[in-house]
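Me: I have a structure open here and would like to go through parts of it with you. Could you take my questions one at a time?

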Amino acid sequence: MTTRSATAPSFDLLHAAIIGRVLRWRWGRLLFQIPLLFLALLIIYDGLTGPQLAPENMATVSAWIHYRGLVMLALLLVGNLFCMGCPFTLPRTLARRISGRGRRWPRALRNKWLAIALLFLIFFLYEWLDLWASPWLTAWVAIAYFAAAFALEALFAESPFCKYLCPLGSFNFVASTISPFQITVRSRDACRICESKDCIRGGENALGCGLELYAPQVRSNFDCTFCLDCARACPHDNVALAARPPLRELMRDAWPHRWDVAFLALVWVAASLSNAFGMVPPVYALEASLLTWLPFLNKALVLLLIFAVLNLAAPAALGLAASWLSRSLVRSSEPLRRVFARYAPAFVPLGFGVWFAHYGFHFATGALTIVPALQNFLIDHGIFLLGDRPNWALGPILPYSWLLPLQMAFTLIGLLATLLVLGERNRQIVSSSSRHSILALLPWAALAIALAFAAIYLFTLPMEMRGTMSMGH
Amino acid sequence: MKRWFLFLIIAVLLSAACTRASRELETAADVEVQLMVEPAPPVVGEAVLVITITDETGAPLEDAKLDIKGDMAHAGMKPVLATAERGEGGVYRVPFEWTMAGDWFVTIRGALPDGRTFSRRFDVSVGGEMDMNMDGS
């Protein structure tokens, strides 16, 4: 029996009436994974064999409209539900059988630098290959995910694909740090006296945490896939999926003070703007100008240059400049890394607001396009369950006139939350060190305000979608 | 059990792929379809599609029933739909609207009185300032 202590969470989803039982059930994760597995197989199948016009194909509509919109909603309302139901990890049991215990992931790679590189790569490929317009390539992205997850799982002992590589996971890890639920324990005393540590080592009922997070020490959603293996493995039923104030993790400075982790957060925020920038007229003007000024470059290299500057160089330069200014203003000799790592995570709410505004726009304008795409798919297979003609007139779920105000509102709410987190992080350091003051906050607050208004400016620009004329329809 | 499940999935996918009958761009080889747009070059806003339909000898086909669908490249964009029923001298003038700048794919599907059907897809690059009305109202 578990001893309840004063640290027991006020609301634990794992002990809610019905959903709690389902989540803790041995096959609970499979319940989420099976539908997503079928969706992934549908993406592959329709992407490879269906119409190659993106709005007519289930692969492109479900991956680029519904997945992105719904994943943001899930992260905002619950947490990292996509990783919980991730179909790409399903072959893991088979892979583990092949590998036996496998090798340890190389020590030099146990950080987020590869994750940053792959996140950058997927955003670059998205722009260069117009993944959003190609069912065929979208299918191959899904195939590549299955192959990579399987291979990495087969070769290594832990789950390096999830923890160190997966771009979707990296995206979700950062975003889920504002989510309202987090893994914790109901009683720390129970963990203190527990000898088996099944939550991390695995037990009779379940694997332990593949990402090697020890439940009583979890202070952050970062790296947590919500797989709930820890909860199923715990012989004391002591693991909780607890409700928490959404900004608590960021305000409590719960992340490790590492360059890679902090930089990943800023890259994620920068990508929220550059991804929107990729769909407005100035990006095409910039592309054309660069091709004129640098005639030895082709389109791919020009896009690589643009997005390397926006997604890597800009966050690095702006983050370092803000860190240096912040330190200089209070004449502190604190390592730059600590300053960078203290303030960079505070930008997550702003990034979340911008991502939500962007992906929410596509979802709001195109949610119902899944209906004619599905009708088209069924009719192609001689199934007339949903009619004998696709209803192409379906599309938006919100009036277009609502969208820009909503986008602005999400961005400003994100900015406000970022400023709150910055203020709280600064207050904590001011109270512990007389050398700090409100001045340390100013460069970061100015950067947040500038990014928010840049995002709002982008949202006011007309959207334009180009670069797909060579698709060979 | 797991092997059977895997086998079942693969079998379903393969059989579905074999029986798939995509209706994309069924083409009557003896029908010529040409598309011009007004204004040219196309810009965001109201437009006219000028569709010319002839047979293999160049004789106009005046009584085709046309379904026209304009799609943007991005998934999730509601298409612009239009129809036409008669084209004087084989020329069908169809009011249309480019709702956004960018790359468009105009698909024209037609049916002739003798039962023949045809379809063609055209790439159109639309530029210009935008006054977007996604509601179609």
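Reply: What follows is a walk through parts of both chains, and please keep in mind that this is a predicted model.

Me: Let's start with chain B, then. How many helices and strands are there in it?
Reply: Chain B has one helix and seven strands, and read from the N terminus the order is α-β-β-β-β-β-β-β.

Me: And how much of chain B is buried?
Reply: Of the 137 residues in chain B, 46% are buried. The area that chain B exposes is about 7,200 Å², with carbon and sulfur atoms supplying 58% of it. As for contacts in chain B with a separation of 6 or more, 61% of them are between residues 24 or more positions apart.

Me: What does strand E1 of chain B pair with?
Reply: E1(B), residues 31–38, pairs with E2(B), residues 45–55, in the antiparallel sense and over eight bridges. The two strands form a hairpin with six residues between them, and within this pairing Val33(B) stands opposite Ile53(B).

Me: Which residues of E1(B) are on the covered face, and which on the uncovered one?
Reply: The covered face carries Val31(B), Val33(B), Leu35(B) and Val37(B), whereas Glu32(B), Gln34(B), Met36(B) and Glu38(B) are on the uncovered face. In a regular strand, side chains alternate between the two faces of the sheet.

Me: What about E3(B), is that one mostly covered or uncovered?
Reply: E3(B), residues 65–72, is mostly covered, with six of its eight residues buried. On one pairing, E3(B) runs antiparallel to E6(B), residues 101–111, and eight bridges join them, with Gly70(B) and Val106(B) as bridge partners. E3(B) is also joined to E4(B), residues 80–84, by five bridges, again antiparallel, and there Ile68(B) has Ala82(B) as its bridge partner.

Me: Switching to cysteines: how many disulfides are there over all chains?
Reply: The count is zero over all chains. For Cys166(A), the nearest cysteine sulfur belongs to Cys83(A) and is 6.3 Å away, and because a disulfide needs the two sulfur atoms within 2.5 Å, that pair does not qualify. Cys199(A) is likewise in no disulfide, the nearest cysteine sulfur being that of Cys191(A), at 6.3 Å.

Me: Are those two cysteines buried or exposed?
Reply: Cys166(A) counts as buried because its relative accessibility is 9%, and Cys199(A) counts as buried at 9% relative accessibility.

Me: Now the long stretches in chain A. What is the end-to-end span of H18(A)?
Reply: The end C-alpha atoms of H18(A), residues 348–366, are 26 Å apart, which agrees with the 27 Å expected for 19 residues at 1.5 Å a residue. Since 18 of its 19 residues are buried, H18(A) is largely enclosed by the rest of the structure.

Me: And H21(A), what span should that one have?
Reply: H21(A), residues 442–460, should span 27 Å, and its end C-alpha atoms are 27 Å apart, so the two values agree. Its buried residues include Trp444(A), Leu447(A), Ile456(A) and Phe459(A).

Me: One last residue: where does Asn221(A) lie?
Reply: Asn221(A) lies in the loop between H11(A), 198–201, and H12(A), 229–233, and it is buried, with a relative accessible area of 0%. A polar atom of the Asn221(A) side chain lies 2.9 Å from the backbone oxygen of Phe181(A). Residues that Asn221(A) touches include Phe173(A), Gln182(A), Arg244(A) and Glu249(A).

Terms used:
Residues are numbered from 1 along each chain as its sequence is written. Chains are lettered from A and ligands numbered from 1 in the order in which they are written. This is a predicted model: local features need pLDDT of at least 70, side-chain atom pairs count only at pLDDT 80 or more; totals for chains, interfaces and linings use all residues. Side-chain values use heavy atoms; hydrogens and water are left out. Helices (H or I, at least four residues) and strands (E, at least two) are DSSP runs, numbered from the N terminus. The expected span of a helix is 1.5 Å times one less than its number of residues. Buried means under 20% relative accessible area, exposed over 50%, partly exposed in between (1.4 Å probe, protein chains only). Two strands pair if DSSP finds at least two bridges between them. A polar contact is a pair of N or O atoms within 3.5 Å; within protein, one must be able to donate a hydrogen and the other to accept it, and residues adjacent in sequence count only if both atoms are side-chain atoms. Contact means heavy atoms within 4.5 Å. Accessible areas come from the Shrake-Rupley method with a 1.4 Å probe; for residues, only the protein chains shown count as cover. Lists of a residue's contacts leave out its neighbours within four places in sequence.
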